[in-house]
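Biologist: I should like to go through this structure step by step, with the reasoning behind each answer. Where shall we begin?

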Amino acid sequence: LKPCGKYEDVVGKWVNVSDRAKYPDWSNHFHGHVLGQATAFDMLWLPNNCSYRRFDNTTLLKAVDSLIAQTQLDELHTVFFGDSALRGIFCALYRIYAGSETEGPCTNDICGFDDKRREISIPRIHRPRFVMVGPRWKVTFYYVKSFHVKQLPKLVADVIATDRPYAVIINTGAWDFYEYNKRHRNETLRFPLSPRCLNNETQAIADLRADTFVADSIRHLSNVAQSWSPSSNSSHGVAEGRHVRLIYRNNHFNRRYGALCADEQFEVLLRSLGTCYPSRMDKSCNSSAWELWNNRNLSESVWEQQSYDGFHFDWPILTYSQEDHRRVNRQLKHLLGQHPGMLAIQLAQSFLNNLFFSVLSD
């Protein structure tokens, strides 16, 4: 199959590994027919009519080197602004780098670093931590709540102008709906089955997430990102048409709030700027620094079993040795009938395929 285009890997379906006989050509959906550790889980993600790369430690570090050479950067620097969901995707990415998608280990200042976990969270709102993924990829993570909390747009703009990272990845949603969810925590909320917002109260939250302040903010951030190229010794301002990439990760299906309710109006704003997304990869998308990375498709049919609390899909492990991962994973698989971490890893693989899209042909 042809390689997936940018952000096209998110359109497809999950199939059971046990159904191998029904899908004799499933290796065609993987670059070079290399499945890597995909079959360590109970299901495979097969993109529609295209193939994606299943990264491992070696190909990940090679992609970092290739992107640095292509962009003439001193190092690759990406900055994440998000809550525990985006943190979970990074932690899955780190397990890929560490060598085992199922066992890690995953010990670092973003995901947690001792038996008390100590992952980046609310006590460190807007106070960054950074982790090196190999010798040349720096990841900075800011725990954030909402565009409306503590001048988040100003923080993002300042980081772009000061640090000039290669890419900025943003996700909000959980904290916008937090108070509503807390008030209704004893109710059975079937958000994923609702095509739009559940009621007037959740609609008001969705409206706030795409109000005039947010619209002005995302336009301003697009302009700021287009005014700066990623930092290197030889570049000042925008060089060779390159600018800082802005990637919005939309929300996965969950039990706390409606993913479509949270993002539909926000995505309309992004598209109005000429944002790049799977069904629109034409020249007009270059009018915006924003890219839309769709997490809904990947999560729609597996989120319930892959979540331990209706929201989080990267399972908390209290200790971090590989043997502890093996023990806990065995217990969870026995309890759930499905290996934990499958969705988190697929989201991380999707992120890597699109972050390194420009060098994957190498």
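Modeller: Let us begin with a definition: a salt bridge is a side-chain nitrogen of Lys or Arg within 4 Å of a carboxyl oxygen of Asp or Glu. Please keep in mind that this is a predicted model.

Biologist: Which residue forms a salt bridge with Arg209?

Modeller: The closest N and O atoms of the pair are 3.0 Å apart, and the cut-off for a salt bridge is 4 Å. Arg209 belongs to helix H5 and its partner to helix H7, 54 residues apart, and the pair links distant parts of the chain. Both residues are buried. The partner of Arg209 is Asp263.

Biologist: How many residues apart in sequence are the parts tied together by Asp314 and Arg95?

Modeller: Asp314 and Arg95 form a salt bridge, with their closest N and O atoms 3.0 Å apart. Asp314 lies in the loop between helix H9 and helix H10, whereas Arg95 lies in helix H2, so the pair ties together parts that are 219 residues apart in sequence.

Biologist: Is Arg95 buried or exposed?

Modeller: Buried means under 20% relative accessible area. Its partner Asp314 has a relative accessible area of 11% and is buried. Arg95 has a relative accessibility of 8%, so Arg95 counts as buried.

Biologist: Which residues are joined with Glu291 into one network by salt bridges that share partners?

Modeller: Glu291 forms a salt bridge with Arg245, and their closest N and O atoms are 2.9 Å apart. Glu291 is in strand S8 and Arg245 in strand S7, so this pair ties together parts that are 46 residues apart in sequence. Through shared partners, the network joins Glu291 with Arg245 and Lys6.

Biologist: How many salt bridges does a search of the whole structure find?

Modeller: The pairs discussed above include Arg209 with Asp263 and Glu291 with Arg245. The search of the whole structure finds a total of 17.

Biologist: Let us turn to the cavities. Which element gives the largest share of the lining of the second largest cavity?

Modeller: The structure holds three cavities of 30 Å³ or more, and about 50 Å³ of space lies in the second largest. Two elements give two or more residues to its lining, namely strand S2 and helix H11. The largest share, three residues, comes from S2.

Biologist: How many nonpolar residues are in the lining of the second largest cavity?

Modeller: The lining residues include Trp14, Phe30, Leu44, Arg54 and Gln346. Phe, Trp and Leu count as nonpolar, Arg as charged, and Gln as polar. By class, the lining has one charged residue, one polar residue and, for the nonpolar class, nine.

Biologist: Next, the backbone. What is the phi of Arg164?

Modeller: Most residues other than glycine have a negative phi. Arg164 lies in the loop between helix H3 and strand S6. Its relative accessible area is 12%, so Arg164 is buried. Although Arg164 is not a glycine, its phi is positive, about 45°.

Biologist: Is Gln72 buried or partly exposed?

Modeller: Gln72 also has a positive phi, near 60°, and lies in the loop between helix H1 and strand S3. Residues between the 20% and 50% cut-offs count as partly exposed. With a relative accessible area of 46%, Gln72 is partly exposed.

Biologist: Is the peptide bond from Gly104 to Pro105 cis or trans?

Modeller: Most peptide bonds are trans. Pro105 has its place in the loop between H2 and strand S4. The omega of the bond from Gly104 to Pro105 is near 0°, and the bond is cis.

Conventions:
Residues numbered from 1 in each chain as written. Predicted model: local features only at pLDDT ≥ 70, side-chain atom pairs only at ≥ 80, totals over all residues. Heavy atoms only, no water. 1 Å grid on protein atoms, 1.4 Å probe; cavity = no way out; pocket = protein on both sides within 12 Å on 5 of 7 lines; lining within 4 Å. Points joined across faces, edges and corners; volume = space filled by probe spheres on them. Helix = DSSP H or I, 4+ residues; strand = E, 2+ residues; numbered from the N terminus. Buried < 20%, exposed > 50% of the residue type's maximum accessible area, 1.4 Å probe, protein only.
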